[in-house]
Amino acid sequence: IGAAGQLGTELAPALAQRLGPGRVVAADLKLPHAPEGIRTATLDVTDRPALERLMAQEEVDTLYHLAAL
């Protein structure tokens with residue numbers, strides 16, 4: 001969450017490099033083009049049901065909350 005910000009744009013590619021392609025989901029209100037191997041989702045962090053759906057659908061086991069509120 002917060003993947004389009006300064007920290008997210010650096011963390012997501014680093015995680016993808018470490019974990020392998022397709023293992024990282026980057027989410028934010030608006031997302032620029034994501035690097036290869038990173039899945040993306042448009043999401044408002046304040047929409048808890050949408051966040052829970054995304055986490056279940058993508059089988060997320062770790063969440064990095066980088067969004068400004």
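**Exercise 1. Which exposed residues sit on the face of H2 turned away from its buried side?**

Step 1. Keep in mind that you're working with a predicted model. In it, helix H2 covers residues 48-57, and its buried residues are Ala50, Leu51 and Leu54.

Step 2. Look down the axis: these buried residues span an arc of only 100°, which puts them on the same side of H2. That fits the usual helix arithmetic, since an α-helix has 3.6 residues a turn, so residues three or four places apart point the same way.

Step 3. Now flip to the face turned away from the buried side, and you'll find the exposed residues Arg48 and Ala56.

Step 4. To finish, see what the buried side leans on: the buried residues of H2 pack against strand E1 (24-28) and strand E2 (38-42).

**Exercise 2. Work out which residues of H1 are buried and which are exposed on its other side.**

Step 1. Start with the helix itself. H1 has 14 residues and reaches 20 Å from its first C-alpha to its last, close to the 20 Å expected at 1.5 Å a residue.

Step 2. Pick out the buried residues: Gly8, Ala12, Leu15 and Ala16. Viewed along the axis, they fall within an arc of 100°, so they line one face of H1.

Step 3. Turn to the other side of H1, where Gln6, Leu7, Glu10, Gln17 and Arg18 are exposed.

Step 4. Check the cover: E1 and E2 are included in what lies over the buried residues of H1.

**Exercise 3. Which residues make the nonpolar surface patch of about 290 Å²?**

Step 1. The patch is made by Leu7, Tyr64 and Leu66.

Step 2. Trace one of its members back to a helix: Leu7 lies in H1 (residues 6-19). Leu7 counts as exposed because its relative accessible area is 59%, and the cut-off for exposed is over 50%.

**Exercise 4. Find the salt bridges and say where their partners sit: how many are there?**

Step 1. The count comes to two salt bridges.

Step 2. Take Glu58 and Arg39, whose side chains meet at 2.6 Å, N to O. This pair links distant parts of the chain, with Glu58 in the segment after H2 and Arg39 in strand E2, 19 residues apart. Glu58 is partly exposed at 29% relative accessible area, and Arg39 is partly exposed at 29%.

Step 3. Then there's Glu52 with Arg48, where the closest N and O atoms are 2.8 Å apart. These two are four residues apart in H2, so about one helical turn separates them. Glu52 is partly exposed, at 44% relative accessibility, while Arg48 is exposed at 59%.

**Exercise 5. Which residue just after H2 takes a positive phi, and which one does so just after H1?**

Step 1. Recall the background: most residues other than glycine have a negative phi.

Step 2. Just after H1, Gly20 has a positive phi of about 105°.

Step 3. Just after H2, the residue is Glu59, with a phi of about 55°. Glu59 isn't a glycine, yet its phi is positive. Glu59 is also exposed, with a relative accessible area of 69%.

**Exercise 6. Where is Thr42, and what does it touch?**

Step 1. Thr42 belongs to strand E2 and counts as exposed at 64% relative accessibility.

Step 2. Leaving aside residues up to four places away in sequence, Thr42 touches Asp28 and Leu29.

Step 3. Compare sequence with space: Thr42 and Gly2 are 40 residues apart along the chain and 10 Å apart from C-alpha to C-alpha.

Technical notes. Residues numbered from 1 in each chain as written. Predicted model: local features only at pLDDT ≥ 70, side-chain atom pairs only at ≥ 80, totals over all residues. Heavy atoms only, no water. Patch = residues over 30% accessible without salt bridge, like charges linked within 9 Å, V, L, I, M, F, W, Y side chains within 5 Å. Areas by Shrake-Rupley, 256 points an atom, 1.4 Å probe, with all protein chains shown as cover. Salt bridge = Lys/Arg side-chain N within 4 Å of Asp/Glu carboxyl O. Buried < 20%, exposed > 50% of the residue type's maximum accessible area, 1.4 Å probe, protein only. Arc of directions from axis to C-beta. Contact = heavy atoms within 4.5 Å. Expected span 1.5 Å × (residues − 1).
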